[in-house]
Amino acid sequence: MKFSNIVDIELYKIFRKPRTYIAFGAVAAIVGLIQLGFYADGESYMKFGMQTLSDSFDVSGNILNGYLMAFIILQTLLVHVPLLIALVAGDMISGEANQGTLRLLLTKPVSRNQMILGKFTASAIYTLALLIWMAIWALGISILIFGVDDMLILKSESVTQVLSTDVLWRYVAAFAFASLAMLTVSALSFFLSLFAENSIGPIMATMSIIIVFTILNALDLPIFNLVKPYLFTTHMLGWKGFFDVQINENNEQIVGSVENLPAVLFSAAVLLLHIVGFLVASMVIFKRKDILS
Amino acid sequence: MLLQVNNLSKHFGDFVAVDDLSFSVKEGEVYGFLGQNGAGKSTTIRMLLSLIKPTQGEINIFGFSIDKHREKILERVGAVVERPDLYRYLTGYENLNIFAKLSGKKISKQDVMRCLGVVGLDKRAHDHVRVYSQGMKQRLGIAVALVHDPSLIILDEPTNGLDPQGIADIRNLILKLSREQNKTVLVSSHLLSEIEQVADSMLIINKGKKVVEGNVRELLNPEVVQLEIIATSNEQAMEAIATSAWAGGLKVSAARHIVLETSASSVPELTKYLVEHNIGVLSLRAVNSLEAYFLSLTSGNEV
């Protein structure tokens, strides 16, 4: 049995389910709403945001451009997208158990490891497809509506300006990193789906874990600080690192640079480790699992 | 032997679902696997298909251990375990096509449609499974088991939820597969009458243990019958039988009826004997002794 056949079959099942398209619809609707809001009221919103900056600097050009819009949208959406990922990944095994099709699948001459790998690969492809869809809406449509220019990112203590010629590759890298973050969520949800016989459990459990870990991240207490580096949620927003540009001794930004690349790569490695860990654990448990559904 | 099971057991914590079960299935035969609900049939079938791991014992199919050669064996096995649950959001054709692809063999669209025709679903092939009746789902499940032309077919309670016509269709299909295509079929049921009509050999299990195994015709020997007698006075009838040649066959006497095991040919003589003793026979029902035994299992009163 070819591995690609299993992936084909799993993708076919995913994309024939109506629930799959909820995520695509939700992303398009949310992004569309944000774009509509900024298209209507963006000028005044930006003026308010730039008030303190305008006192000291002469800011000109298309500040509210497509690149900035994509940044704002990504910041907003990447917190909620895990739910949309879990909707499908959390259903991969538990959904089959719930329908009773798992036992029928496993009477076929496909090894359990192949089955797990095939199902995980299909859910990973769905995750990537959702992120590409998000990129099209967040970046592509935003550029069409708001145009392009240098990108100003306002932070609590500083402002980062990224030249328009230096932005696009950063988005490619940011989306690649976001893919790792979302694949971690997908792997977690997939792993949890081994233990349930309906998809609500894994979806709720995934979201609960993300919420608890995010709260732990937010609390600046010594006991939690010890575990923070090991929580995958700590590293999920590492994509923002690609928009921190290195400055040279003349206070000029270095085109194509990332201020703290090792930190970004470390976060990526932690996420990758989580994905592999969840996948291997899924394979080991599924291989020994009695199919009683 | 095409299928050989030795000392198979399965424990779920303290609960023993299957207890030291051994049996064998010959190539080309229809093998009935009989037991009341909860007797351990489905657990055994799940172990045969490697869906659950035995606590102990071994299973060899086509001469290979299922533990070591799972995929190789499953290429030649078609199975329906309990309800044939399928993807409700897909059509019958799409469901069958998915499982055909997973069988590892090259199966054309025409073959898939032909298989749907065998179970009488070709005209409804492109309807969603969610609109199928229970009988149609059951038939589609059997098509999933047959689509890759397996040598061994395992059907777990295939007539559950079917109307009489559906039951007859499945029965005929099993006989056709065995007689015309020389397939080996293992079929489980909780109804002796179903097994009796299709199986060459059978195994009865109760509480996970083997009760009896053998040739169906020999086991269901019509010469030995169990009689349920209701007389005008059961008390007098009991006394009369106790002093007769039938005394040894007396099994149970109850206020409502007497149970007596005897040869079928002696039934008219017994009736005459009771009438001669001025005992009227209100009702006399003869059942095969194995059937009686099985009925006692299902009703919870062992004879």
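Okay, let's start at B:S9, which sits opposite B:Q56 of strand β4 in chain B. Everything I'll say comes from a predicted model, by the way. That pair belongs to the match between β1, residues 3-12 of chain B, and β4, residues 56-61 of chain B, which are antiparallel and share five bridges.

Now follow β4(B) onward. β5 of chain B, just residues 64-65, runs antiparallel to β4(B), and two bridges hold the pairing. You can see both partners in the model: B:N60 goes with B:S65, and B:I61 goes with B:F64. The hairpin of β4(B) and β5(B) has two residues between its strands, and B:F62 there has a positive phi, near 55°.

Put those strands together and you get an open, antiparallel sheet of four, ordered β2-β1-β4-β5 in chain B. So which strands stand at the edges? They're β2 (15-25) and β5 of chain B; each has a single partner strand, so one side of each has no neighbour in the sheet.

Okay, next stop: β8 of chain B, residues 184-189. Is this strand mostly covered or not? Mostly covered, with six of its six residues buried. B:T184, B:L186 and B:S188 point one way, B:V185, B:V187 and B:S189 point the other, and all are buried. That fits the general rule that side chains in a regular strand alternate between the two faces of the sheet.

β8(B) has parallel pairings too. With β3 of chain B, residues 30-34, there are five bridges in the parallel sense, and B:V30 has B:V185 as its bridge partner. With β7 of chain B, residues 152-156, there are again five bridges, also parallel, and here B:I154 stands opposite B:L186. To get from β7(B) to β8(B), the chain passes through helix α6 of chain B, residues 164-181, in a right-handed β-α-β crossover.

Keep your eye on B:I154. Setting aside neighbours within four places in sequence, B:I154 is in contact with B:I45, B:L48, B:L49, B:V77, B:A79 and B:L186. And which residues touch the most other members of the largest nonpolar core? B:I154 again, along with B:L96 and B:A143, in a core of 148 residues. The element giving the most to this core is in chain A, though: helix α8, residues 168-192, with 15 residues.

Last thing: there's another core lying apart from that one, with 13 residues, including B:V225, B:L260, B:L270 and B:I279. That's it from me.

How values were computed: Residues numbered from 1 in each chain as written. Chains lettered and ligands numbered in written order. Predicted model: local features only at pLDDT ≥ 70, side-chain atom pairs only at ≥ 80, totals over all residues. Pairing = 2+ DSSP bridges. Core = buried A, V, L, I, M, F, W, Y, C linked by C-beta atoms within 7 Å. Buried ≥ 20, exposed ≤ 12 C-beta atoms within 10 Å, placed from the backbone. Contact = placed C-beta atoms within 7 Å. Right-handed = clockwise from strand over helix to strand, strands pointing away.
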